[in-house]
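Biologist: Before I use any of these labels, I would like to hear what each one rests on. Please take me through them, with the values.

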Amino acid sequence: MQILDGQTTSQAIKDALKIQVAQLINEGKKVPHLAAVLVGNNGASETYVGAKVKACAEIGFKSTLIRLEDDISENKLLGVIEDLNNNPEVDGILVQLPLPKHISDENVINAISVAKDVDGFHPISIGRLVQGLPSFVPATPHGIMLLLEHYKINTKGMHAVVVGRSNIVGRPMSILLSSNTNPGNCTVTICHSHTRNLKEICLQGDIIVAALGKAEFVTADMVKEGAIIIDVGITPVVDASKKSGFALKGDVKFDEVAPKCSFITPVPKGVGPMTIAALMKNTFKACVENN
Ligand code: NDP
């Protein structure tokens with residue numbers, strides 16, 4: 001069994017980007033600039049946005065964090081996005097989800113300029129992805145593909161089982177794994193909360209991507225020998241032994257599943273850091289393409 005180390009792989013990608021940023025500066029070109037919009041005081045969102053802003057600083061990107069009150073109206077938020085769309089200084093825009101209930105995620109995502117849609121959630125970005133056209137690829141599935149590529153895992157012909165069909169993880173993941181690319185070229189089964197015989201389906205998976213958000217849901221009896229396990233889940237679970245009072249758990253019961261696998265991502269230090277690395281790559285791409 002080999003650990004797919006998202007932490008060191010992410011660092012390697014960020015180091016390479018750092019060199020590319022230095023080259024842009026040498027050539028007198030614009031440095032990538034990410035604008036992150038955070039609505040309200042959700043603790044997890046604070047952490048995720050903080051990590052993205054920190055990664056920008058590490059690489060040499062500019063970043064702007066726009067904090068908005070959680071009672072901001074949808075119209076005002078759309079106005080903020082419009083300003084960012086029109087600001088030539090800004091290359092990439094991300095709005096941290098989830099948004100407060102009175103604001104439509106869909107309206108907000110649709111308002112982001114496709115050229116600055118570094119999260120890749122806009123319907124046009126997703127449509128282009130489905131058609132195999134160049135597009136911004138949502139950061140988490142993109143990061144997983146980068147991790148498979150880094151470890152030179154040849155997925156051609158494999159049966160990939162993706163558990164979860166969200167627009168930000170499961171569905172784009174299924175599209176990428178089924179694409180005529182390397183990694184890719186898998187036969188994909190996508191599962192959700194209405195799937196029957198989930199255990200039997202998972203047992204057929206050469207690759208399992210667990211993205212359902214249920215701590216330690218995937219157990220050893222659901223995994224065949226030698227499978228590749230990608231654990232996307234992050235669920236805080238009460239743990240008195242931790243200073244914070246909770247531990248972050250993946251969707252896979254790591255201790256019992258790991259011995260059966262060929263490769264597995266840990267939680268933390270697996271998919272999480274790769275998501276950040278992929279977002280940074282998307283921001284660099286936006287800068288180069290828009291200037
Ligand atoms: P969503 O809640 O949007 O989607 C969860 C999906 O899992 C849904 O499609 C749901 O089915 C399916 N599901 C739920 N329960 C079951 C079940 N018992 N059996 C089969 N399928 C089930 O979550 P996200 O996709 O946004 O996130 C998933 C997890 O990944 C979360 O823990 C999240 O925190 C984490 N995450 C981690 C990231 C990282 O960087 N590491 C980035 C993004 C997310 P249905 O559609 O029928 O409801």
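Modeller: Start with lysine 249, which counts as partly exposed at 29% relative accessibility. Keep in mind throughout that this is a predicted model.

Biologist: Why is lysine 249 called partly exposed?

Modeller: Its relative accessible area is 29%. Buried means under 20% and exposed means over 50%, with partly exposed in between. Lysine 249 at 29% therefore counts as partly exposed.

Biologist: What makes the pairing of lysine 249 with glutamate 216 a salt bridge?

Modeller: The closest N and O atoms of lysine 249 and glutamate 216 are 3.8 Å apart. The cut-off is a Lys or Arg side-chain nitrogen within 4 Å of a carboxyl oxygen of Asp or Glu, so 3.8 Å qualifies. Lysine 249 sits in strand β10 (residues 246-249) and glutamate 216 in the loop between β7 and β8, so the pair ties together parts that are 33 residues apart in sequence. Glutamate 216 is partly exposed, at 31% relative accessible area.

Biologist: Why would such side chains pair at all?

Modeller: Side chains of opposite charge can pair when their charged atoms come close.

Biologist: How many salt bridges does the structure hold?

Modeller: Nine. One of them joins arginine 67 to glutamate 46, with 2.9 Å between the closest N and O atoms. Arginine 67 is in strand β3 (residues 62-68) and glutamate 46 in helix α2, 21 residues apart, and the pair links distant parts of the chain. Glutamate 46 has a relative accessible area of 26%, which makes it partly exposed.

Biologist: How do you know that aspartate 221 and lysine 199 form a salt bridge?

Modeller: Their side chains meet at 3.6 Å, N to O. Because the limit is 4 Å, the pair passes. Aspartate 221 is in the loop between β7 (207-210) and β8 (228-231), and lysine 199 is in helix α8, so the bridge ties together parts that are 22 residues apart in sequence.

Biologist: Are aspartate 221 and lysine 199 buried, partly exposed or exposed?

Modeller: Aspartate 221 has a relative accessible area of 43%, and lysine 199 is at 36%. Each is partly exposed.

Biologist: Now the ligand. Which residues are closest?

Modeller: The ligand is surrounded by 22 residues, the closest being Arg165, Ser166, Ser193, Ile234 and Thr275.

Biologist: What makes the approach of lysine 214 to the ligand a polar contact?

Modeller: An N or O atom in the side chain of lysine 214 is 3.4 Å from a nitrogen atom of the ligand. A polar contact needs a pair of N or O atoms within 3.5 Å, so this one counts. A polar side-chain atom of arginine 165 lies 2.7 Å from an oxygen atom of the ligand. For serine 193, the distance from a polar side-chain atom to a ligand oxygen is 2.6 Å. The ligand taken alone exposes 930 Å², and the protein buries 71% of that.

Biologist: Ile234 came up there. Which surface patch does Ile234 help to make?

Modeller: A nonpolar patch of about 340 Å², made by Tyr48, Ile234, Phe246 and Leu248.

Biologist: Why can tyrosine 48 be part of a patch if it is partly exposed?

Modeller: Patch members need over 30% relative accessible area, and tyrosine 48 has 34%, so it qualifies on that count. Tyrosine 48 is in helix α2 (residues 43-59).

Biologist: Which residues have unusual backbone values worth checking?

Modeller: Lysine 152 has a phi near 50 degrees, a positive value in a residue other than glycine. Lysine 152 lies in the loop between α6 (139-150) and β5 (159-163). Asparagine 197 also has a positive phi, about 55 degrees, and is not a glycine. Asparagine 197 is in the loop between β6 and α8 (198-203).

Biologist: Why are lysine 152 and asparagine 197 called exposed?

Modeller: Exposed means over 50% relative accessible area. Lysine 152 has 71% and asparagine 197 has 55%, so each earns the label.

Biologist: Where are the cis peptide bonds to proline 183 and proline 268?

Modeller: One joins asparagine 182 and proline 183, with omega about 0 degrees, and proline 183 lies in the loop between α7 (170-178) and β6 (187-191). Another runs from valine 267 to proline 268, with omega near 0 degrees, and proline 268 is in the loop between β11 (263-264) and α10 (271-290).

How values were computed
Residues numbered from 1 in each chain as written. Predicted model: local features only at pLDDT ≥ 70, side-chain atom pairs only at ≥ 80, totals over all residues. Heavy atoms only, no water. Patch = residues over 30% accessible without salt bridge, like charges linked within 9 Å, V, L, I, M, F, W, Y side chains within 5 Å. Areas by Shrake-Rupley, 256 points an atom, 1.4 Å probe, with all protein chains shown as cover. Helix = DSSP H or I, 4+ residues; strand = E, 2+ residues; numbered from the N terminus. Buried < 20%, exposed > 50% of the residue type's maximum accessible area, 1.4 Å probe, protein only. Near = heavy atom within 4 Å. Polar contact = N/O pair within 3.5 Å; in protein donor to acceptor, adjacent residues only side chain to side chain.
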